[in-house]
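User: Could you take a close look at one part of this model for me, the pockets? A quick word on a loop residue to start with would be great too.

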Amino acid sequence: MNISIVTVGKLKEKYLKQGIAEYTKRLGPFAKVEVIEVSDEKAPENLSETEMLQVKKAEGDRIMSKISPDAHVIALAIEGKMKTSEQLARELDQLATYGKSKVAFVIGGSLGLSDDVLKRANDTLSFSKMTFPHQLMRLILVEQVYRAFKINRGEPYHK
């Protein structure tokens, strides 16, 4: 399985980079994982509704350019569907079983995802009703993908 994580913004925090690298390495036997960063749109702190839409559109266009046309897209969004680790594992297993070997997870910037990206998504996923920094979501996501593969293989890790 080929998994891409398309995300807005550069990751600067060393501890997050190390955690992502560790889980990406652990995923090696199960899947090829690629983290694709697109640049975030520079914007002032206080934006009008129109300016927010423009920022999300610009970031969304960059995201869309990195998504393979044949990828199954799962957008991370606070308004997305909440799933258990087991449900995510089943979903990834079913995608692999039915020939969807390319999966793209999308993490938006601080303002969220554009309507175009959400329309392109085959599914939406929410990890919580809480708001998390999008940089931290990369680590949480890659850990949950690793957990899903361990669940599907019946291997110890998930408790």
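Analyst: Helices (H or I, at least four residues) and strands (E, at least two) are DSSP runs, numbered from the N terminus. This is a predicted model, where local features need pLDDT of at least 70, side-chain atom pairs count only at pLDDT 80 or more, and totals for chains, interfaces and linings use all residues. Residues are numbered from 1 along each chain as its sequence is written, and side-chain values use heavy atoms, with hydrogens and water left out.

The loop between α3 (85–97) and β4 (102–107) holds Ser-101. Beyond its neighbours within four places in sequence, Ser-101 is in contact (heavy atoms within 4.5 Å) with Met-1 and Asn-2.

Now the pockets. On a 1 Å grid over the protein atoms alone, a pocket is an open set of points where a 1.4 Å probe fits, with protein on both sides within 12 Å along at least five of seven lines; lining residues have an atom within 4 Å of a point. The largest pocket has a volume (the space filled by probe spheres set on the points, which are joined across faces, edges and corners) of about 470 Å³. Its lining has 23 residues, with Leu-76, Ala-77, Ile-78, Gly-109 and Gly-112 nearest the centre. β3 (72–82) gives the largest share of that lining, four residues, while β5 (123–126) and α5 (134–153) each supply at least two.

The second largest pocket comes in at about 380 Å³. Of its 21 lining residues, Asp-40, Glu-41, Glu-59, Ser-110 and His-134 are the closest to its centre. β2 (32–38), α2 (49–65) and α5 each give two or more residues to this lining.
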